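Here is a quick tour for the bench. Have the sequence and the 3D view open as you read.

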Amino acid sequence: MHDDGLDAFGAFGQEPFDDEEFDDQGDEQGEDGGEFDDGLLEEELRQAAAILDPVPAELRQLAMDAYALYDLDARLAELTFDSLVDATPVRGATDVPRMLTFTAGDLSIDVEVTSEGLMGQVMPPQPAGIEVLNGPQALRPTTLMADAMGRFTSDAPPSGPFALRLRAGGEVVVTEWLRA
């Protein structure tokens, strides 16, 4: 190494940074000399986005509907059997019903989904109200009633993503969403 009298900054014609230059920039200030307000900036950005790229009314309504379906006290029923995944396919069989089993603690819901509709049973057998939630296409969920044996049927097959919300004995259980 040799010393030609130039340091790293001098070799490029620059002066080293002076720490005092940056000391006064540590506190961000607004135009009026006061502290910078993050809330004000956020509000201005929201207003600009609302003008330049507004949220479509349909999307806003879907978001509100989805939030309205949310139950804080509902238990989630886990999918424990799906014939599309767990069953052995039968050679030559066409239009085979899809069999689903959901479990939440001691409660289970067996559902058969066909092109003509769905039918199922709540175990242990008990009367229950069952709502078929059909994603964004349906404004109101289809409501089914399970009899004293826990059996329920629907003539309308679910289309697109769907879930079931079961209300029985003061308890609310919601299945995970599946595609029909």
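Two strands count as paired if DSSP finds at least two bridges between them. With 4 bridges, β8 and strand β9 (residues 171-175) pair up, and they run antiparallel.

## How far to trust it

Keep in mind that this is a predicted model. The protein chain has an average pLDDT of 79, and 71% of the residues reach at least 70. Among the chain's elements, strand β7 (residues 151-154) has the highest mean pLDDT, at 94, while helix α1 (residues 8-11) has the lowest, at 54. Where pLDDT is low, the predicted coordinates shouldn't be read in detail.

## Strand β8 and its partners

Is strand β8 mostly covered or mostly open? Mostly covered: of the 8 residues in β8 (residues 161-168), 6 are buried. Besides β9, this strand has other neighbours. Strand β5 (residues 128-133) is joined to β8 by 5 bridges, and the two run antiparallel. Strand β10 (residues 178-179) is also antiparallel to β8, with 2 bridges joining them.

If you want to find these pairings on screen, a few facing residues help. On the β5 side, Leu 133 sits opposite Ala 163 of β8. Phe 162 stands opposite Leu 178 in β10, and Arg 165 faces Val 174 in β9. The β8 and β9 strands form a hairpin with 2 residues between them. In that turn, Gly 169 has a positive phi of about 55°. As you step along, remember that side chains in a regular strand alternate between the two faces of the sheet.

## Salt bridges

How many salt bridges turn up in a search of the whole structure? The search finds 6. Some of these belong to a network that links Glu 131, Arg 165 and Arg 167.

Next, look at Asp 82 and Arg 98, whose closest N and O atoms are 2.6 Å apart in their salt bridge. Asp 82 lies in strand β1 (residues 75-82) and Arg 98 in strand β2 (residues 98-104), so this pair ties together parts that are 16 residues apart in sequence. Both Asp 82 and Arg 98 are buried.

Another salt bridge joins Asp 147 to Arg 151, with the closest N and O atoms 3.0 Å apart. Asp 147 counts as partly exposed because its relative accessibility is 28%. Arg 151 is partly exposed too, at 46% relative accessibility.

## Helix α3 and its surface

Helix α3 has a salt bridge of its own: Glu 42 and Arg 46 both lie in this helix, 4 residues apart, or about one turn. The closest N and O atoms of the Arg 46–Glu 42 salt bridge are 2.7 Å apart. Is Arg 46 buried or exposed? Arg 46 has 52% relative accessibility, so it counts as exposed, since the cut-off for exposed is over 50%. Glu 42, with a relative accessible area of 41%, is partly exposed.

Which residues make the nonpolar surface patch of about 270 Å²? They are Phe 36, Leu 41 and Leu 45. Leu 41 belongs to helix α3 (residues 38-52). At 38% relative accessibility, Leu 41 counts as partly exposed. A residue needs over 30% relative accessible area to be part of a patch, so Leu 41 clears that bar with its 38%.

Definitions and conventions: Residues numbered from 1 in each chain as written. Predicted model: local features only at pLDDT ≥ 70, side-chain atom pairs only at ≥ 80, totals over all residues. Heavy atoms only, no water. Patch = residues over 30% accessible without salt bridge, like charges linked within 9 Å, V, L, I, M, F, W, Y side chains within 5 Å. Areas by Shrake-Rupley, 256 points an atom, 1.4 Å probe, with all protein chains shown as cover. Salt bridge = Lys/Arg side-chain N within 4 Å of Asp/Glu carboxyl O. Buried < 20%, exposed > 50% of the residue type's maximum accessible area, 1.4 Å probe, protein only. pLDDT = per-residue confidence, 0-100.
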